[in-house]
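Thank you all for making time for this. I would like to walk through one model this morning, going from its sheets to its cores and then to its charged pairs.

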Amino acid sequence: MALRTPREKELKRIKNALRFFNSLSFLDEFEILIREGERKEVIALTKELWEFINQNKIECIVGIKIGEVGKRLRLTIEGAYWIVKTDRRKVWVNERGEMLFLYGRDIFASSVIKAKGFGENEIVFVCNSDGDVIGIGKSRFDCERIKDVESDRVVVENLVDRGEYIRKERLYDAY
């Protein structure tokens, strides 16, 4: 599974996703590579490290998997943490909601501080009160309706969270 530079179509999809999240400048700092196997994994590493590997003809596995590219770019938890710079498709939770989410639980309406830019059954990025992406979920309601839902109802299903690193379940899944 050697690393390669993205093909034209793959790069276009990656750039579109970065543009959507107002993170096109990510490409100024990091080199984007593809590791092809069962899936086309999108790997990010510093430009300096990529130069060093190329100059010295080193064959190794390096970088951080930020997503998978197919018909679109699907982000991993690390990719979301690095890339998502806008308020699109985000839900912010209070301290209790953050704790429960990091333990693998879903988000209840009573835990939501605010929500922006998503519809029903969409992938959303769950943030703590400081704005750090702590996971990825799937919305059960659009961002406007969450405010009107009963406090004991689940509004966002947990797909992956930073607690996965401790539980060692699905560390590198993309959504």
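Let me begin with a small question that you can check on the screen: which residue of β11 does I136 stand opposite? The residue is V160, and please keep in mind throughout that what we are looking at is a predicted model.

That pair belongs to the contact between strand β10, residues 133–139, and β11, where five bridges join the two strands and they run antiparallel. Strand β11 itself covers residues 154–161, and it is mostly covered, with seven of its eight residues buried. β11 also pairs with strand β7, residues 107–108, again in the antiparallel sense, here over two bridges. In that pairing F108 stands opposite V154, while the bridge partner of I107 is V156.

If we now step back to the whole sheet, it is an open one of six strands, in the order β7-β11-β10-β9-β6-β8, and its pairing is mixed. The edge strands are β7 and β8, the latter being residues 112–116, and each of them pairs on one side only. As a general reminder, strands of a sheet pair through backbone hydrogen bonds, either parallel or antiparallel.

On the β8 edge I would point to I113, which is placed in that strand. Leaving aside residues up to four places away in sequence, I113 touches W92, V93, N94 and S129. By contrast, I113 and R72 are 30 Å apart in space, C-alpha to C-alpha, with their positions 41 residues apart in sequence.

There is also an open sheet of five strands, with the order β1-β2-β3-β4-β5 and antiparallel pairing. Its edge strands are β1, residues 3–4, and β5, residues 73–75, each pairing on one side only. Within this sheet, four bridges join β3 to strand β4, residues 64–69, and the two run antiparallel. One residue of that pairing is E41, which stands opposite E68 in β4, and I will return to both of these glutamates when we reach the charges.

Let me turn to the nonpolar interior. The largest nonpolar core has 26 residues, and those with the most contacts inside it are I14, F26, I32, V42, L75 and F125. There is a second, separate core of 17 residues, which includes V91, V112, V124 and V126. In soluble globular proteins, nonpolar side chains tend to be buried together. To give a feeling for the surroundings of one core residue, V42 touches, among others, I14, I32, I34, I64, I66 and L73, not counting residues up to four places away in sequence.

Not every nonpolar side chain is put away, however. L49, F52 and I58 make a nonpolar surface patch of about 240 Å². Of these, L49 is located in helix α3, and it is partly exposed, with a relative accessible area of 33%.

Now for the charged pairs, of which the structure holds 17 as salt bridges. What does the side chain of E10 meet in a salt bridge? The partner is K40, at 3.3 Å from N to O. Because E10 lies in helix α1, residues 8–20, and K40 in strand β3, residues 40–46, this pair ties together parts that are 30 residues apart in sequence. The two partners are covered to unlike degrees, since E10 counts as buried at 5% relative accessibility, whereas K40 at 31% counts as partly exposed.

A second pair is formed by the side chains of E31 and K47, at 3.6 Å from N to O. Here E31 lies in strand β2, residues 30–36, and K47 in helix α3, residues 47–55, so the salt bridge ties together parts that are 16 residues apart in sequence. K47 is partly exposed, with a relative accessible area of 29%.

Finally, I come back to E41, whose side chain meets that of R35 in a salt bridge of 3.0 Å, N to O. Is this a buried or an exposed glutamate, with E41 at 19% relative accessibility? E41 counts as buried, because the cut-off for that word is under 20%. R35 is buried as well, with a relative accessible area of 11%. Both residues belong to a network of salt bridges that links R35, R39, E41, K65, E68 and R74.

Notes: Residues are numbered from 1 along each chain as its sequence is written. This is a predicted model: local features need pLDDT of at least 70, side-chain atom pairs count only at pLDDT 80 or more; totals for chains, interfaces and linings use all residues. Side-chain values use heavy atoms; hydrogens and water are left out. Buried means under 20% relative accessible area, exposed over 50%, partly exposed in between (1.4 Å probe, protein chains only). Two strands pair if DSSP finds at least two bridges between them. A nonpolar core is a set of buried Ala, Val, Leu, Ile, Met, Phe, Trp, Tyr and Cys residues joined through side-chain atoms within 4.5 Å. Contact means heavy atoms within 4.5 Å. A salt bridge is a side-chain nitrogen of Lys or Arg within 4 Å of a carboxyl oxygen of Asp or Glu. Patches are made of residues with over 30% relative accessible area and no salt bridge: like charges are joined within 9 Å, nonpolar side chains (Val, Leu, Ile, Met, Phe, Trp, Tyr) within 5 Å. Accessible areas come from the Shrake-Rupley method with a 1.4 Å probe; for residues, only the protein chains shown count as cover.
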